[in-house]
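Let's take a walk through this one together, starting with the overall layout and then zooming in on a few side chains. Keep the viewer open as you read.

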Amino acid sequence: MKSWTVERKTTFCLIAIFILLAVLNLASASMTFRSSRSITLAMLDMTLFMSIAAFIVVRRITRLLLNAKTAADLDAEQLKFQLSERKRSEAKLESTNKRLEASEAGYRNLVDSSQSAILVERGQAIVLANKAAAKLLGVPSTGDLIGRRLTDFVGPEDRGRTQRVLWRLAEREL
């Protein structure tokens, strides 16, 4: 058996009300116009016509209201879906960022613990160095290397040759 929707319940109630109205009008018309059967039938026809017209109007209004509620429900569901998608995306982004930070920490630890001197130069400035590089270049900490040029640690007579070697290395990587 099909479930009763709001629209079906409303339609059933309206039909019951209009039948009751028609019966009451018929009873009052037959009491008022006992002698004239044609007037009674005319009243009955008019009552049925008005009942049907009112039924159609009320049913259409009910459908409009139900559709409006359904559209609002759909908007709410769509908003909930968008919010859940956003939360899911934010959680995924946060998870990715945590993994990236862990990976960066792992590589940083690898660079820091290496016995070999490791320098990363970008735009002719040192952006990353480990303790072995600081020790090799004779500075107290890696922070003293950051932002400086590698050629700052080369004697004036060898700077030109060192710069050419660094440029050739950079060109091979590109």
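First things first: what you're looking at is a predicted model. Confidence is a mixed bag, with an average pLDDT of 78 for the protein and 74% of the residues scoring at least 70. Broken down by element, α1 has the lowest mean pLDDT, at 68, while helix α3 (residues 131–137) has the highest, at 91. Where pLDDT is low, the predicted coordinates shouldn't be read in detail. Keep that in mind when we get to α1.

Now for the layout. The protein has four helices and two strands, and if you trace the elements from the N terminus, they come in the order α-α-β-β-α-α. Of its 174 residues, 14% count as buried. The accessible surface adds up to about 14000 Å², and carbon and sulfur atoms own 62% of that. As for long-range packing, take the contacts with a separation of 6 or more: residues 24 or more positions apart make up 28% of them.

Back to the N-terminal end and helix α1, which covers residues 6–32 and is where you'll find V23. Together with I15 and I19, V23 makes a nonpolar surface patch of about 260 Å². Remember, though, that α1 is the element with the lowest mean pLDDT.

Next comes helix α2, residues 37–113, which is a good place to look at charged pairs. Side chains of opposite charge can pair when their charged atoms come close. How many salt bridges does a search of the whole structure find? The count is five, and three of the pairs are worth a visit here.

Start with R88 and E85, whose closest N and O atoms are 2.3 Å apart. These two sit three residues apart in α2, so about one helical turn separates them. E85 is partly exposed, with a relative accessible area of 29%.

R86 has a partner too: E90, with the closest N and O atoms 3.1 Å apart in their salt bridge. Here the spacing is four residues along α2, so again the separation is about one helical turn. R86 counts as exposed at 55% relative accessibility, because the cut-off for exposed is over 50%. E90, at 43%, counts as partly exposed.

Further along the helix, R108 and D112 meet in a salt bridge of 3.4 Å, N to O. They are four residues apart in α2, which means about one helical turn lies between them. Both ends are partly exposed: R108 has a relative accessibility of 32%, and D112 comes in at 28%.

Let's finish towards the C-terminal end, in the loop between α3 and α4 (159–173), where T151 is found. Is T151 buried or exposed? With a relative accessibility of 9%, T151 counts as buried, since anything under 20% falls in that class. To see what surrounds this threonine, leave aside its neighbours within four places in sequence: T151 is then in contact with R159, T162, Q163 and L166. Select those four in your viewer along with T151, and you have the set of contacts that links this loop residue to residues further along the chain.

Methods. Residues are numbered from 1 along each chain as its sequence is written. This is a predicted model: local features need pLDDT of at least 70, side-chain atom pairs count only at pLDDT 80 or more; totals for chains, interfaces and linings use all residues. Side-chain values use heavy atoms; hydrogens and water are left out. A salt bridge is a side-chain nitrogen of Lys or Arg within 4 Å of a carboxyl oxygen of Asp or Glu. Buried means under 20% relative accessible area, exposed over 50%, partly exposed in between (1.4 Å probe, protein chains only). Patches are made of residues with over 30% relative accessible area and no salt bridge: like charges are joined within 9 Å, nonpolar side chains (Val, Leu, Ile, Met, Phe, Trp, Tyr) within 5 Å. Accessible areas come from the Shrake-Rupley method with a 1.4 Å probe; for residues, only the protein chains shown count as cover. pLDDT is the predictor's confidence in each residue, from 0 to 100. Contact means heavy atoms within 4.5 Å.
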